[in-house]
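Reader: Could you walk me through this structure? I would like to go through it topic by topic.
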Amino acid sequence: MECSFSASPLSHFIHFIPQPEEIQQQIVRETFHLVLKRDDNICNFLEGGSLIGGSDYKLIYRHYATLYFVFCVDSSESELGILDLIQVFVETLDKCFENVCELDLIFHMDKVHYILQEVVMGGMVLETNMNEIVAQIEAQNRLEKSEGGLSAAPARAVSAVKNINLPEIPRNINIGDLNIKVPNLSQFV
Amino acid sequence: MVVPSLKLQDLIEEIRGAKTQAQEREVIQKECAHIRASFRDGDPLHRHRQLAKLLYVHMLGYPAHFGQMECLKLIASPRFTDKRVGYLGAMLLLDERQDAHLLITNSIKNDLSQGIQAVQGLALCTLSTMGSAEMCRDLATEVEKLLLQPSSYVRKKAVLTAVHMIRKVPELSNIFLPPCAQLLHERHHGILLGTITLITELCERSPAALKHFRKVVPQLVKILRTLVTTGYSTEHSISGVSDPFLQVRILRLLRILGRNHEESSETMNDLLAQVATNTDTSRNAGSAVLFETVLTIMDIRSAPGLRVLAVNILGRFLLNNDKNIRYVALTSLLRMVQSDHSAVQRHRPTVVECLREPDASLSRRALELSLALVNSSNVRAMTQELQSFLESCPPDLRADCASGILLAAERFAPTKRWHIDTILRVLTTAGIYVRDDAVANLTQLIGGAQELHAYSVRRLYSALAEDISQQPLVQVAAWCIGEYGDLLLEGSCEETEPLQVEEEEVLALLEKVLQSHMSQPATRGYALTALMKLSTRLRGDSNRIRQVVSIYGSCLDVELQQRAVEDNTLFQKYDHMRAAILEKMPLVERGRSQVDGEAKESKEAQLSETALVSTEPQASKLLDLLDLLDGTSGDAQPPPPLDPSPGGALVHLLNLPGAPPPPPSIPNLRVFEREGLQLHLSFVRPPGTPALLLIMVTATNTSGADVTHFICQAAVPKSFQLQLQAPSGDTLPAQGGLPVTQLLRILNPNKAPLRLKLRLTYNHFGQSVQEIFEVNNLPVETWQ
């Protein structure tokens, strides 16, 4: 079970143990308060609060500028190792977002989820090689782009129409008794 | 239609622009209404965007359950964009408790088998995050196929999904065990990491798997050695250590495989020594690997030289400046303190240093470790340290610290006086945090140490005079002053400073306790009884005491009122008995295990010793000496259907004369045996009633099948009266499970020879059995 969040009450919470909604929010708040209270020169490990699983679980966090990344782990993970994992995750975010900052994480929270899915899966460490992770994310982004994505479609449609070089259309087509008045389409071009 | 729907980014901006909670709620509710409308209209083009917004709103804590079905639709769509958001939604909104979650099983199945690795990856990720047991069962074969796929990306995800599946459905281990050996030959670190995790999970779950995987120890050693000795490679290295995550995992697995197994441990010794000496620990990654190595060394059957090395490394880490490293060092030492106690003792001074850390996590660990390190030789010094820690530690640690000190004092106290002093100090510093039985323990301790009565009462008096707010301290002090008030007034005691105390001062102090609003009702009870006792101990007249007692006769608190009224009566009508009743209490035994209803069922005829009547000197029971005057303390005992067998005499509180001698024992009898079902009879003749015979019938089952519907009936000659009490049960579990007992009461006023016929009906090995037989060889003592 892990979560990571920022200094404001906004938080990304990814959980691998089913918890009812209210408990989730409570856990987030409690964790938030616990971690905020910590000084900067003490260790990065916190015994979990009463809601988080009990004494087997620990909170391991790292503080980057205004952001706290908190991972909640059980005894099967190496504590120092998790510190390094957080570092890998943050560096990956940096590579994917190009000098990541707090706003990037807020406005692209879905992308953050996708990146995290490449690092940790089902509560276990999946991949720690940054290059692999970034390559995979980029491949997926390309896949998405090739399908168009919704925001791209109307823009492309408009530009496609703009690029139609409509030839000069005669205003009046006289075919015997049929009189076709051709409407003026120039305003749509 | 259509107001063009907001993009996710725009929604986020709007929400962030809201200045108050109420405004934010408004924005979100409006948007949710749009989203719901859009879902209803079933617009496929915008669906993924709507769901993305919904997920954001969900993250903020607002309800989003109406998006669950949309996740399903998005997952079923052929577009990758849709699937991505749909699966994310499934992971965040659906879990095993929602009924809808099973519906995505089919979609996942399809996605797992269609060749685009990004899609397969999504499906595997979702499955391993929220896959329930049913889903795992359905999809196990699909995942197994993916373990052999060419794409390493898919394979690594499939391996971790397998771990999740095994956790949910342990029987699936059979499917996932065979591929492991081959997967270990992979070069790809991600797959290796997953495989090691899988093997670890399999070994932790089944000893058979553990044995099976001991074969791969040499291969693991080889992999680790390659990692450690290859030079700097940018691919997987973190601050100069090549793939520390993989190293740590391998070390953990080696630990599990080598535990209690000489051969595997031998194979690992060299490698562990190599890792321990060659790892660069200037950065965190190296320390992580080194720690794991140390833990592994301590856990397996390693060479003694290696163990010494490991403990020394830990000692070095304890002195490190980095707080994280110290924390992990303390945790590791705590794990080792049972097995390598003397080695850890060497680091005691450093551990005690860590107690003084301002960091709460560190001091908590240091506290646990310090408490584990207390032994008879260092108890004085350690208690000193722990006491000063108690004075300054954060409140959440106080209770643990206080009970730890008291426990250590109890186990290792060099002298009684030191023990009393220690408890006293704890009570003064952290009185409200101690456990409830601390008061009882202290009173019992003081009561037992006759030579220290004077000393204790003086110290307690001074402590009480200073501060009457700490309830446990006040209770003990009141009790003590009541019991030993005469020693208090009597002049000097060599061990404390001379303290001149007047009677009036003592009475005033107790009255102050009685009247103070800080005193709890129990404390008041103690104080009132102490005052009463003082009426016999003090030489002056007891008018003042009588006054106080009569005032409390109309107190609102029922307990106090009752005591006061009884005390009053004692003054008025029974004044001649007052001195005898209020005598000093004899030494109370520590309360051992109490015999209550449940304990009897499991021990029945085998009770070797009846426990003492509840001897915890709780104020309400013990100090109500008046109750005992009424004679039988029998109401305090639960009526035993079985009297004590030889050896266990009941000890009454005041050793009332006339306690019955233990009855002579009658030998037990085995009366029936068939296919593992045995019936025993044990007999007791309670001494007070010569005509009564109590028979305890015990049925035991040592066969391989349960005995059910067991009924035992008895018949006796006409001159006897038989009473069958309800049996303890009617099922005898197989293989020596809990026996069934039943009590028979037989009255034999004519002392006629006893004859007993038993009828048993039960089901055993699928057959119903009925047995009727007469009990032969009944001992003569049963009826004479």
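Reader: Let's start with cysteines, then: how many disulfides does the structure hold over all chains?
Author: The count over all chains is 0 disulfides, a disulfide being a pair of cysteine sulfur atoms within 2.5 Å. This is a predicted model, in which local features need pLDDT of at least 70 and side-chain atom pairs count only at pLDDT 80 or more, while totals for chains, interfaces and linings use all residues. Residues are numbered from 1 along each chain as its sequence is written, chains are lettered from A and ligands numbered from 1 in the order in which they are written, and side-chain values use heavy atoms, with hydrogens and water left out.

Reader: Is Cys72(A) buried or exposed?
Author: Cys72(A) counts as buried because its relative accessibility is 5%, where buried means under 20% relative accessible area, exposed over 50% and partly exposed in between, with a 1.4 Å probe and protein chains only. Cys125(B), at 1%, counts as buried too.

Reader: Moving on to the interface, how many residues does the contact take from chain A and from chain B?
Author: Chain A gives 60 residues and chain B gives 71 residues, contact meaning heavy atoms within 4.5 Å. The area buried between the two chains is about 5,900 Å², and carbon and sulfur atoms give 57% of that; buried area is the accessible area (1.4 Å probe) that two parts lose on being put together, summed over both.

Reader: And how many residue pairs are in polar contact across it?
Author: The rule finds 17 such pairs between chain A and chain B, both residues at pLDDT 80 or more. A polar contact is a pair of N or O atoms within 3.5 Å; within protein, one must be able to donate a hydrogen and the other to accept it, and residues adjacent in sequence count only if both atoms are side-chain atoms.

Reader: Which element gives the largest share of chain A's side?
Author: That is helix 5 of chain A (residues 130-146), with 8 residues; helices (H or I, at least four residues) and strands (E, at least two) are DSSP runs, numbered from the N terminus. By class, the side of chain A that touches chain B has 25 nonpolar, 22 polar and 13 charged residues. Here Ala, Val, Leu, Ile, Met, Phe, Trp, Tyr, Cys and Pro count as nonpolar, Asp, Glu, Lys and Arg as charged, and the others, Gly among them, as polar.

Reader: What about salt bridges, how many over all chains?
Author: There are 31 over all chains, and 5 salt bridges are found across the interface of chain A and chain B. A salt bridge is a side-chain nitrogen of Lys or Arg within 4 Å of a carboxyl oxygen of Asp or Glu.

Reader: With which residue does Lys157(B) form one?
Author: Its partner is Glu118(A), with the closest N and O atoms 3.4 Å apart. Lys157(B) lies in helix 9 (residues 152-168) of chain B and Glu118(A) in helix 4 (residues 109-119) of chain A, so the pair joins two chains. Both Lys157(B) and Glu118(A) are buried.

Reader: One last topic: where is Met268(B), and what does it touch?
Author: Met268(B) is found in helix 16 of chain B (residues 262-278), and it counts as buried because its relative accessibility is 0%. Leaving out residues up to four places away in sequence, Met268(B) touches Val217(B), Val221(B), Leu254(B), Leu257(B), Gly258(B) and Ile300(B).
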